[in-house]
Amino acid sequence: MKKSRVKQAIMAIISVVIVTFFIMIIMGMLWQHQKTTENKEWIDGWSVSVNGDTPQSGKPLPEYKFSELGIGDEVVMTNRLPEEMPRNQILSFLTYLSTVEVTVDGEVVYSYGEEYARKKQLVGSGYHYISIPDGSGGKELVIRMEIREDKAFTNILTPTISDTEEIYEDFAKRNMLGICVGMFLTLLGIVLMFVSGVAFCYNRTFARLIYIGAFSFLVGVWSMCNMKVLQVFHVDLAANTTTEYLTLYFAPVAFGLLIADVRKGGTQWRRQVVLGVSLLLLLFAVVTTFLQFLNIEHYPSFLGYFHVFGAASLVIVAVSSFDKTKKMDRATWSLYAGIGSLLFTVALDLVRFNLQKYVLQDNEWLTISVIPLGALLFIVFLLISYVFYIYSILVDKAEREWLTERAYRDELCGIYNRTKCNEVFDELNKQNRDYAFVNIDMNGLKGVNDSLGHLAGDQLLKEFAQILQAAFRDIGQVFRMSGDEFMVIIREEQFPQIDQCLNRMVKMEKRRSADLPFIIDASYGVAKHSECMDGMTERVYTLADQRMYEMKTKKKINRRLRK
């Protein structure tokens, strides 16, 4: 019962989650299409120098390209602030893995990352928001960036100037759909891991839901870090970037373990391949994390290897999970649809990443990953697949219980049969508690069969079975042992009611016989476990049988005397 309720609760939670997903996505799309503040993109007028070389000028900022920037290289951008500068203005720009210093007429108004660089720690990537001092119109602005990781970036995204009160709202509106997706995946992962973790204590089939939750959580957090959403809550770019790489490297591990769990019961070598790939992914994630936190080598150094290894692993896992010999049910189709969606978006994201870094560096849309959308589709398809999976388990269980119940039921009378009674005997032999057997034998069944036919005899058996169930419904289990033999097993605490139930049975026999073409009559004998020295059920059964035959003999004598 507990397992059934847990499964029903899980399915209810999944349904609520899917509905919530659609509501959040629709709200995100509606808000994202609201008109945003007119930010001023500062494209022209910049001069750019690298490592003290002669500054280059005259080109729009997006046209400056950097192919081989390494650790220690310095990029300096210089421009003059507009003469007419409103009050409370914010300069914002995105940098990758670099320290930043901003000066206005030689006075430092902002700096970031130097403390990390001195300790040789990961500096981080993200947006910088610099409040421009009032009265700075017409003054020289200098942005100095020192690269802290090899090939940190290949171009500079255009800075913008916005009003202080609108900068965060504008950012939220531009990225609302991505924020909704990231937050949904994160919260979904937390809920699934918590609920399925508790349910796992009752049933190990919920391990799959744990893996789904872990994957959803990792991709959700990575997505918010990748879009720099967490900066709204936490301005530490280093911590955000570390979290971004950490979740990115561990997410494929959860995916592999999920597929391995799905492969249970299938071809063994396929599951072993998936498990092997998952262990390699885990080893990669653990080793890179170890090197990162010891400041031996930072996460970004391994990104290229991750792209190759991670993409190859996903393909291997996906191919290994496909088994053309296995019947494609609804759960399997949903799973493959989810895997296909994820693989497609991963491939698309690899193209996006390389286009943004090496070809179309000035396109800000290419800085947004499409993997969260693929992961979201993957999770939704997985949840649908899991619902079908649980449904099939419940159906199979119901069928097995139905077949088992049929094996334990007498087909004619609908009560338990001798097979079930033998199981109860085994249980009673293992216990040290008193019990009683009421052995019952129908009188006159053969006569009814001979005079009225076997259909009437069957009706007599069914009528008597109903009487037994009604008479002993509150205190014992009723069994049909053979043709005209019945039995009731009664627990110790119900002993005081045995005589009352037997009297009720006799009265019901007489009452029902008045409406039938035959008489319902039975002989019975009662024996208790405490009456037998060896205490075995067979001995108690034999004693009850002897007393039943004694009653049967007395009835025969009485009938002869009346004649």
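**Two loops, a surface patch and helix H11**

Lys-120 sits in the loop that runs between helix H2 (114-118) and strand S8 (126-131). In this predicted model, the phi angle of Lys-120 is near 60°, a positive value in a residue other than glycine. Lys-120 also counts as exposed, since its relative accessibility is 63% and the cut-off for that label is over 50%.

Asn-88 tells a related story. Its phi is positive too, at about 55°, even though Asn-88 is not a glycine. This residue belongs to the loop between strand S4 (74-80) and strand S5 (89-95). With a relative accessible area of 45%, Asn-88 is partly exposed.

Turning to the surface, Met-183, Leu-187 and Ile-190 make up a nonpolar patch of about 260 Å². Of these, Ile-190 is found in helix H4 (residues 176-200), and its 42% relative accessibility puts Ile-190 in the partly exposed class.

Helix H11 takes in residues 418-430, 13 residues in all, and its length works out nicely: at 1.5 Å a residue it should span 18 Å, and the C-alpha atoms at its ends are 19 Å apart, which agrees. Buried in H11 are Lys-420, Cys-421, Val-424, Phe-425 and Leu-428. These residues lie on the same side of H11, because they cover an arc of only 150° around the axis. At the start of the helix, a side-chain oxygen of Asn-417 comes to within 3.2 Å of the backbone nitrogen of Thr-419.

Key: Residues are numbered from 1 along each chain as its sequence is written. This is a predicted model: local features need pLDDT of at least 70, side-chain atom pairs count only at pLDDT 80 or more; totals for chains, interfaces and linings use all residues. Side-chain values use heavy atoms; hydrogens and water are left out. Helices (H or I, at least four residues) and strands (E, at least two) are DSSP runs, numbered from the N terminus. The expected span of a helix is 1.5 Å times one less than its number of residues. Buried means under 20% relative accessible area, exposed over 50%, partly exposed in between (1.4 Å probe, protein chains only). The arc is that of the directions from the helix axis to the C-beta atoms. A polar contact is a pair of N or O atoms within 3.5 Å; within protein, one must be able to donate a hydrogen and the other to accept it, and residues adjacent in sequence count only if both atoms are side-chain atoms. Patches are made of residues with over 30% relative accessible area and no salt bridge: like charges are joined within 9 Å, nonpolar side chains (Val, Leu, Ile, Met, Phe, Trp, Tyr) within 5 Å. Accessible areas come from the Shrake-Rupley method with a 1.4 Å probe; for residues, only the protein chains shown count as cover. A salt bridge is a side-chain nitrogen of Lys or Arg within 4 Å of a carboxyl oxygen of Asp or Glu.
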